[in-house]
Amino acid sequence: MSRKIKPIGVFDSGFGGLDILREVVKVLPQYDYLYLGDSARAPYGHRSPAIVYDFTRQAVDFLFKYGCELIIIACNTASSEALRRIQQEYLPTHYPNRRVLGVLIPAVEQSVTIVKSKTKNKKYKKVGVLATEGAVRSGAFTREIKKLDSQIKVFEQAAPLLVPLVEAGEHESPAARIILKNYLTPLLKRGVDVLILGCTHYGILAKQIKKLVGSNVSTIAEAPVVARQLKDYLARHPEIECRLSRRGQIKFYSTDLTAKFQLLGSQFFGRPIKVERAMLE
């Protein structure tokens, strides 16, 4: 991709973020995009906050060096544990005119809107969050939901086996159903009204999750929400939108070139993709 092109960057720890990119391209097909998956070091959920920040900073540097004007961190662990520091400390001194957004806030805002409409006659409003260990450890989902409505009860469940399951291409296996049921049961026992799928990889498991939780629980997959929010963001920030190039080109990079990334990435993105090697430093 020519350095003159100014794409929207999308970063994830693996290829779960391709689910986000697919929905974004559906809503905003005119722009150029650059996807980066750090598959060599995935998953991020069990990593320390300091390491997650370092990995995220390296990804941000890579995408900005390739001309991105705006980056979406399509990784909830990075959004929870690194985004705020990237925005407040790193961008002002290194890339003051560029922007980095996360996926956590759009999902939180959607969950609060839905749970309020569903629980008008209930004493308690309950939101469940299925997320990575890092996202749960950070408390970011609970913190952001409570900012919008302090009366909402939030129940978070770490699901460390799900990202490796998806990355291995086993998301439709019998084992996936057993593991999902084990993680979802505690949330269902709490009587949650809304369930946030708090990891981009989990959108790939959305159909199985919906079957397990039943029709009384509203599930929020991040991809469609993020796509709508990005469209609104660009409409509200013409100073950024005007700098984006519009050739409809998409480039894909991974820190670990494997046949599986190419194969499964193509499945998750919805059409064949060609992946190139990325070196982060």
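Start with the residues that line the largest pocket: 12 are nonpolar, five are polar and seven are charged. Keep in mind as you click around that this is a predicted model.

**Stop 1: the largest pocket**

Select L83, Q87, G102, I105 and P106. Of the 24 residues in the lining, these are the closest to the pocket's centre. The space they point you to has a volume of about 560 Å³.

Now colour the elements around this pocket. Those that give two or more residues to its lining are α3 (76-81), α4 (83-94), β4 (99-102), α5 (104-118), α7 (140-148) and α11 (222-236). Which element gives the largest share of the lining? That's α11, with five residues. Leave α11 coloured, as you'll meet it again at the next stop.

**Stop 2: the second largest pocket**

Next, pick D19, R22, G203, I204 and A206. They are the closest to the centre of the second largest pocket, out of the 21 residues that line it. This pocket has a volume of about 420 Å³.

Here α11 also supplies at least two lining residues, and so much can be said of α1 (17-27), α10 (206-213), β8 (218-220) and α13 (259-269) too. Sort the lining by type and you get eight nonpolar, six polar and seven charged residues.

**Stop 3: rings that meet**

Time to look at aromatic side chains. How many aromatic pairs turn up in a search of the whole structure? The count is 10. For one of them, select Y66 and Y253: their ring centres are 5.5 Å apart, and with 55° between the planes the pair is tilted. Y66 sits in the loop between α2 (49-65) and β3 (70-73), while Y253 belongs to strand β9 (residues 250-254), so this pair ties together parts that are 187 residues apart in sequence.

Try showing the surface here. Is Y253 buried or exposed? Y253 is buried, because its relative accessible area is 4%, which is under the 20% cut-off. Y66 has a relative accessible area of 21%, so it counts as partly exposed.

**Stop 4: a cluster, and arginines over rings**

Select F11, Y44 and F55 together, and you have one aromatic cluster. Stay on F55 and add R41: this arginine lies over the face of the F55 ring, at 3.7 Å from the ring centre.

For your last selection, show R85 and Y53. R85 lies over the face of Y53, at 3.8 Å from the ring centre.

Note on methods
Residues numbered from 1 in each chain as written. Predicted model: local features only at pLDDT ≥ 70, side-chain atom pairs only at ≥ 80, totals over all residues. Heavy atoms only, no water. Phe/Tyr/Trp six-rings, centres within 6.5 Å; stacked < 30°, edge-to-face > 60°. Helix = DSSP H or I, 4+ residues; strand = E, 2+ residues; numbered from the N terminus. Buried < 20%, exposed > 50% of the residue type's maximum accessible area, 1.4 Å probe, protein only. Lys NZ or Arg CZ within 6 Å of the ring centre and 35° of its normal. 1 Å grid on protein atoms, 1.4 Å probe; cavity = no way out; pocket = protein on both sides within 12 Å on 5 of 7 lines; lining within 4 Å. Points joined across faces, edges and corners; volume = space filled by probe spheres on them. Nonpolar A, V, L, I, M, F, W, Y, C, P; charged D, E, K, R; others polar.
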